[in-house]
Amino acid sequence: RDKESFKRFQHVPLLSKEADNWLIALTAGKSDKLWLGTWSGEILQLDIKTESLSKVMPKAGKQDSILINRITTMHEDINGLLWIGTLDNGLYVLDPSDDLIIIHHYQNKLNDEHSLSNNRIMSIFEDKHGDIWVGTVNGLNRIISTSGKGEQRTIEHFYPHKNNPYSISHKEVYGMQEDDEGILWIVTL
C-alpha cells in the first residue's frame, strides 16, 4: 500500500490443468496465512511472510466423503475453523489444525427445518458473538455458536415476508457486515 504497487502470485502450476482454476474466494487465516478457493473446488494457502503458495487437500471426516466443488466463499472463524461455501453442495467446515479434515457438512435437506435453507452459498460472516451467518439464494441462515468444535449446531432461518417491514428485503443474500454497534448490515438482490 505504501508503494502503491501490486505483487502477483501465479497459482496455475499448482492446480490441475483440466480444472477451472479461477480464484473465487479469499479469507485471512491465522499466522499470516491466506486461504484461497477456486471455482473447481481446489484450496490454496498463501504464506504471507515467505510468499509461498501451496495447494492443500481436505480429508473426509467421519460423516462425509463428498468432495468440495465450485467454491463461492470462505471464512476462517475465531476458533481457526475454515468454513467453505459452494455453488450447489452446501457448506463445509474444515479443521486446519487436524490435517484439514472435514468436520461438518451443512446442506439443505427436504423437510428438515434444522438444515440450511439452500445449498447455493453466496456469503459467510461471523458476528461478534461467534455466530456464523450464511447467505444463500433462498434465505439467510444463522448457525448459532457453541463451545465445542464441529458438532451439529442450531440453525435459524430468515426469509422476506411481504407484510413484515422488519424482515429481510429479498431471499437472495450476497453479503453481510457488522458495525461497531453490533448492527448487522445485509446485502440482498
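Reader: Where should I start with strands β9 and β10, and what lies between them?

Author: Start with the turn. β9 and β10 make a hairpin with five residues between them, and G130, in that turn, has a positive phi of about 90°. Keep in mind that this is a predicted model.

Reader: How do strands of a sheet pair in general?

Author: Through backbone hydrogen bonds, in either a parallel or an antiparallel way. Here, β9 (residues 121-126) runs antiparallel to β10, and five bridges join them. For a landmark, look at I124, which sits opposite V134 in β10.

Reader: And what joins β10 to β11?

Author: A hairpin again, this time through two residues. β10 pairs with β11 (residues 139-143) in the antiparallel sense, over five bridges. Try finding T136, which has G139 of β11 opposite it.

Reader: How many residues of β10 are buried?

Author: To judge that, use relative accessible area: under 20% is buried. In β10 (residues 132-136), five of the five residues are buried, so the strand is largely enclosed by the rest of the structure. Now sort them by direction: I132, V134 and T136 point one way, while W133 and G135 point the other way, and all are buried.

Reader: Let's move to the sheet that holds β1. What is its strand order?

Author: The order is β1-β2-β3-β4, an open sheet of four strands with antiparallel pairing.

Reader: Which strands stand at the edges there?

Author: β1 (23-28) and β4 (52-56) do, each with a single partner strand, so one side of each has no neighbour in the sheet. From one strand to the next, the twist averages 25°.

Reader: What about β2 and β3: how many bridges join them?

Author: Five bridges join β2 (residues 33-38) to β3 (residues 43-47), and the two run antiparallel. W35 is a handy marker, as this residue stands opposite Q45 in β3.

Reader: Now the surface. Which residues form a nonpolar patch?

Author: Y174, V187 and L189 do, and together they have about 300 Å² of accessible area. Y174 belongs to strand β13 (residues 173-178).

Reader: Why does Y174 count as partly exposed?

Author: Partly exposed covers what lies between buried, under 20%, and exposed, over 50%. Y174 has 34% relative accessibility, so this residue counts as partly exposed.

Note on methods:
Residues are numbered from 1 along each chain as its sequence is written. This is a predicted model: local features need pLDDT of at least 70, side-chain atom pairs count only at pLDDT 80 or more; totals for chains, interfaces and linings use all residues. Side-chain values use heavy atoms; hydrogens and water are left out. Patches are made of residues with over 30% relative accessible area and no salt bridge: like charges are joined within 9 Å, nonpolar side chains (Val, Leu, Ile, Met, Phe, Trp, Tyr) within 5 Å. Accessible areas come from the Shrake-Rupley method with a 1.4 Å probe; for residues, only the protein chains shown count as cover. A salt bridge is a side-chain nitrogen of Lys or Arg within 4 Å of a carboxyl oxygen of Asp or Glu. Buried means under 20% relative accessible area, exposed over 50%, partly exposed in between (1.4 Å probe, protein chains only). Two strands pair if DSSP finds at least two bridges between them. Axes are lines fitted to C-alpha atoms, for helices over the stretch in contact, and angles run from 0 to 180 degrees between N-to-C directions.
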